[in-house]
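User: I'd like a close look at one spot in this model, and then a walk through the parts around it. Keep it informal, please.

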Amino acid sequence: MSLACSTTRLIGHGLARSLVRTTARQNSSHVRALTLLSEDEIMMRDSVARFAKEQIQPHVTEMDKTMVMRPDIITGLFEQGVMGVEIPAEFGGSEMPFMSVVLVIEELAKIDPSVSVLCDVQNTLFNTAFLQWATPEQKQEFLPRMARDTIGAFCLSEASCGSDAFALQTRAVADGDDFIINGEKMWITNAGYAGVFLVFANANPELRHRGITCFIVDRNTPGVSVGPPEDKLGIRASSTCAVRLDNVRVPKSNIMGQPGKGYKYAMEILNEGRIGIGAQMLGLAEGAVHSTLPYLHERKAFGQRVWDFQAMQHQVAEVTTNIEAARLMIYNAVRLKEGGESFVKEAAMAKYYATQVAAQASSKSVDWLGGVGYTKAFPAEKFYRDCKIGAIYEGTNNIQLNTIAKFVEIQ
């Protein structure tokens, strides 16, 4: 029996309605809508939006063509404090919550997903690893650099080891107080711009994935070399390169966390990273639609604006509804993480769904623009190219479905 029904029998309709309203107000005071942001979060979001529009947008086409991110934009990201969002102030970071990271990634992706993923990997993968598992000495040495001027790269994937991290071939052999690392990492985001790498290598192959250890490797270490950037379909200004390690000597003091825990660390970090990629895809979808809508209001066909056709309005309404659904899934995963709750399933769902929404939004934007949408005169074709990577990196969509299915089975 509901509260209203049971209360009505005891005290009458009027008082019952009053009591129910009072109870609802009390309950609502403890519930916060996912899209309601704190003042600090709003300030960070708006500041990054201005920076993206004023400093990044004029150079998006040039960077896409040359496959090079302008150094002044990278410098600007550090000056904005968005390369060390969660890093404590004592190390020079912004010391803000995870939601601020996600908002930064989303806002940057509205203008250029290439810049967005640079910031994403820095915050959700690289900095997170140091904050969770680095020793005090490692934090003191590296976190100030990460907040000030140094980009990090996360070196897990290999030619024969993408989704199957168990197949990792890079080896680390103990030699006194050092390890000697040999191997080659592939498709490493930020590699061309990075000053420090987190390298996953197997120091005990007979234990399979339980031998994988994470090492901190400075770019200037002898034996480290970075290959040329991949000539990619999308996010072309994002540096994606091979990283080769030839007899690279690393002290044991540069082990991240515990030996043999590298695989566990990588999987935990990627759970957080998937929320970041979801945010990137969300921003991409928003950017594609927002950059297309003015044309629909200006272009005329058959004596009226393209926007005035009901079929067009319905298509835009459907896409924007899906964008809002993706936002709620991503923000929900963020709040679960911030609250110390399990978020693995929600992160997988958010990334999976956001990549689909980005694909729909960017494809529809090309359609809505007609012939000009197929040219580089409008941003839609770039968003269309950029969106495809979302279904591939930091866990393919099939991997996300595997993860979701495991939780469904448990339920």
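Which residues does Ser291 touch, not counting residues up to four places away in sequence?

Analyst: Ser291 touches Pro379 and Phe383 once residues up to four places away in sequence are left out; contact here means heavy atoms within 4.5 Å. Before going on, keep in mind that this is a predicted model, where local features need pLDDT of at least 70 and side-chain atom pairs count only at pLDDT 80 or more, while totals for chains, interfaces and linings use all residues. Residues are numbered from 1 along each chain as its sequence is written, and side-chain values use heavy atoms, with hydrogens and water left out.

Back to the serine. Ser291 sits in helix H9, residues 262–298 (helices are DSSP runs of H or I with at least four residues, strands are runs of E with at least two, and both are numbered from the N terminus). With a relative accessible area of 23%, Ser291 is partly exposed; buried is under 20%, exposed is over 50%, and partly exposed is what falls in between, using a 1.4 Å probe on protein chains only. Its C-alpha is 9.3 Å from that of Ile111, although the two residues are 180 apart along the chain.

Now the other helices. Gln400 belongs to helix H13 (residues 397–410) and, at 0% relative accessibility, counts as buried. Beyond the neighbours within four places in sequence, Gln400 is in contact with Arg274, Ala348, Lys351, Tyr352, Glu394 and Gly395. Helix H11 covers residues 344–369. From its first C-alpha to its last, the 26 residues of H11 reach 38 Å, close to the 38 Å expected at 1.5 Å a residue (the expected span being 1.5 Å times one less than the number of residues). Right after H11 comes Gly370, with a positive phi near 70 degrees.

Two residues other than glycine have a positive phi as well. Glu95, with phi near 50 degrees, lies in the loop between helix H5 (71–79) and helix H6 (98–111), and counts as exposed at 52% relative accessibility. Ile235, with phi about 35 degrees, is in the loop between E6 and E7, but at 5% relative accessibility this isoleucine counts as buried.

That brings us to the strands. E7 pairs with strand E3 (residues 178–189) in the antiparallel sense over nine bridges, pairing being called when DSSP finds at least two bridges between two strands. Within that pair, Asp178 stands opposite Pro251 in E7. E7 also runs antiparallel to strand E6 (residues 224–226), joined to it by three bridges, and here Val224 stands opposite Leu245 in E7.

Trp187 is a good residue to click on in E3. It is partly exposed, at 45% relative accessibility. Setting aside its neighbours within four places in sequence, Trp187 is in contact with Ser157, Glu158, Ala159, Glu230, Thr240 and Cys241. The C-alpha atoms of Trp187 and Tyr393 are separated by 9.4 Å, with their positions 206 residues apart along the chain.

The loops beside these strands are worth a look too. Asn254 lies in the loop from strand E7 (240–251) to strand E8 (255–256), and is buried at a relative accessible area of 15%. Leaving out neighbours within four places, Asn254 is in contact with Gln138, Cys214, Phe215 and Ile216. Pro222, by contrast, counts as exposed at 66% relative accessibility; its place is in the loop between strand E5 (212–218) and E6. With the same sequence neighbours left aside, Pro222 is in contact with Asn247 and Val248. Its C-alpha and that of Ala194, 28 residues apart along the chain, are separated by 15 Å.

Last stop, the inside. The structure holds one cavity of 30 Å³ or more, and the largest cavity has a volume of about 30 Å³. (A cavity is a set of points on a 1 Å grid over the protein atoms alone where a 1.4 Å probe fits but cannot get out, and lining residues have an atom within 4 Å of a point; grid points are joined across faces, edges and corners, and the volume is the space filled by probe spheres set on the points.) Lining the largest cavity are Gly84, Val85, Glu86, Ile87, Val101, Asn123, Asn127, Thr128 and Leu131. Helix H7 (residues 113–133) gives the most to that lining, with four residues.

How values were computed. 1 Å grid on protein atoms, 1.4 Å probe; cavity = no way out; pocket = protein on both sides within 12 Å on 5 of 7 lines; lining within 4 Å.
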